[in-house]
Structure formats: structure tokens, C-alpha cells
Amino acid sequence: MSSSSSSSRSQTRTTVGIPSTCWCGANLTTFGAQTKDNLYRRFYGCEIAVKRQSEHHVFKWIDEAIIDEISIVDTKISQLQADFQSFKRTTTLRLQEHGKKIDESLLEMKRIFHDQTILLDELRNKSTLVLEAKSQSPLLNIAAAAIVLGTMTWLYAKIIVG
């Protein structure tokens with residue numbers, strides 16, 4: 001393969017990758033070179049360039065165009081890999097932050113649950129005391145009635161007998 005390139009025919013413009021149209025606006029096709037150095041080497045060009053070789057039209061060796069395309073794809077793949085790694089790092093950090101917040105929320109919920117359990121136990125103990133007092137209240141009522149009756153009897157005896 002010769003070192004002649006697409007820039008040897010056109011000094012003003014270069015084409016990267018596989019060209020689709022000529023600078024003159026014509027569609028491109030492929031041709032086989034007829035020179036001794038590049039016999040049958042394929043290139044992109046337009047019909048006008050073949051007829052008017054003195055004019056500057058798109059000329060690009062197919063093998064060079066394919067190498068350009070591969071380089072472009074490699075660059076895009078490298079950028080996608082870098083973007084993916086960046087996304088992965090960012091997402092991992094965000095997930096870790098959310099995990100910490102969830103852990104903090106769980107600890108707070110456990111603390112609240114523990115406090116509520118203590119309050120519930122205290123309430124149960126107080127209600128047990130109230131219930132015990134209520135269960136003893138008939139006895140207290142009888143005792144109070146006995147004291148009142150005794151006092152009334154003493155007053156009656158003092159006033160009438162006395």
C-alpha cells in the first residue's frame with residue numbers, strides 16, 4: 001500500500017471517516033485506482049472528479065476511511081467507558097448516602113419504638129394500680145360507712161343518753 005493519501009489530491013479540505021457526498025454536492029461512489037503504485041486500490045470519489053481531475057473534489061482511500069471510522073468508534077467507546085465509570089461512581093456515592101439516611105431513620109425509629117414501649121409499660125403499671133385501687137374501693141366504701149356509722153352512734157349516744 002502506498003503512502004499517498006487523500007490530502008495529496010486536495011490541499012484545501014480533508015475528510016475524516018467515510019465520506020457520503022462530495023464537496024460539489026454529488027453523491028460518492030467507489031473506484032479502483034489505475035496507477036502503478038496503487039493499482040486497483042479502492043477510493044471514494046464522485047463522477048465529476050473522475051472526469052475533471054484538475055478540480056478539487058473528495059478523494060479518500062477506502063482503507064484510510066475505514067481506519068478513520070475505527071478510530072472515531074474507539075474514541076466514542078473510550079468516552080462511553082469514562083462516562084459509565086463516572087455514572088457508576090456518582091450512583092454509588094448517592095446510594096451510600098441514601099443508605100446512611102435509611103440507617104439513621106431506622107435507628108431513630110428503633111429509639112422511638114423503645115421510648116413508646118417504655119411509656120406503654122408505665123401506662124400498664126399505672127392502670128394496674130388504678131384497677132387494684134378500684135377493686136379495693138368496695139372495701140374502702142364499707143370501711144368509710146362503718147366509720148360514719150360509728151361516729152353517728154357515738155353522737156347519738158352523747159346527745160340522747162347524755
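# Salt bridges and surface of a predicted single-chain model

Asp-68 is partly exposed, with a relative accessibility of 21%. On this scale, buried means under 20% relative accessible area, exposed means over 50%, and partly exposed lies in between (1.4 Å probe, protein chains only). The structure is a predicted model, in which local features need pLDDT of at least 70 and side-chain atom pairs pLDDT 80 or more, whereas totals for chains, interfaces and linings use all residues. Residues are numbered from 1 along each chain as its sequence is written, and side-chain values use heavy atoms, with hydrogens and water left out.

## Overall layout

The protein has two helices and three strands, assigned as DSSP runs (helices H or I, at least four residues; strands E, at least two) and numbered from the N terminus. Their order from the N terminus is β-β-α-β-α. Helix H2 covers residues 62-161. Of the 162 residues in the protein, 14% are buried. The exposed area of the protein is about 13,100 Å², of which carbon and sulfur atoms supply 62%; areas come from the Shrake-Rupley method with a 1.4 Å probe, and for residues only the protein chains shown count as cover. Among contacts (heavy atoms within 4.5 Å) between residues at least 6 apart in sequence, 46% join residues at least 24 apart.

## Salt bridges

Side chains of opposite charge can pair when their charged atoms come close. A salt bridge is counted here when a side-chain nitrogen of Lys or Arg is within 4 Å of a carboxyl oxygen of Asp or Glu. The count for this model is six salt bridges. Three of the pairs are described below.

Asp-68 is paired with Lys-60, their closest N and O atoms being 2.4 Å apart. The partners differ in burial: Lys-60 is buried at 4% relative accessible area, whereas Asp-68 is partly exposed.

Arg-111 takes part in two salt bridges, one with Glu-108 at 2.5 Å from N to O and one with Asp-115, where the closest N and O atoms are 2.8 Å apart. Why are Glu-108 and Arg-111 separated by about one helical turn? They are three residues apart in helix H2. Asp-115 and Arg-111 also lie in helix H2, four residues apart, again about one turn of the helix. Elsewhere, Arg-41, Asp-63 and Glu-64 are joined into one network by salt bridges that share partners. In that network, Arg-41 sits in the loop between strand S1 (29-32) and strand S2 (42-45) and is buried, with a relative accessible area of 11%.

The table gives the accessibility of the residues around Arg-111.

| Residue | Relative accessible area | Class |
|---|---|---|
| Glu-108 | 36% | partly exposed |
| Arg-111 | 43% | partly exposed |
| Asp-115 | 32% | partly exposed |

## Annotated span and nonpolar patch

An unreviewed UniProt entry annotates residues 139-157 as "transmembrane region"; positions follow the numbering used here, feature names are shortened, and annotations may be inferred rather than shown by experiment. In the model this span is 100% helix and 0% strand, and its end C-alpha atoms lie 27 Å apart.

Which residues make the nonpolar surface patch of about 600 Å²? Trp-154, Leu-155, Tyr-156, Ile-159 and Ile-160 make it. Patches are made of residues with over 30% relative accessible area and no salt bridge, with like charges joined within 9 Å and nonpolar side chains (Val, Leu, Ile, Met, Phe, Trp, Tyr) within 5 Å. Leu-155 lies in helix H2 and is partly exposed at 41% relative accessibility.
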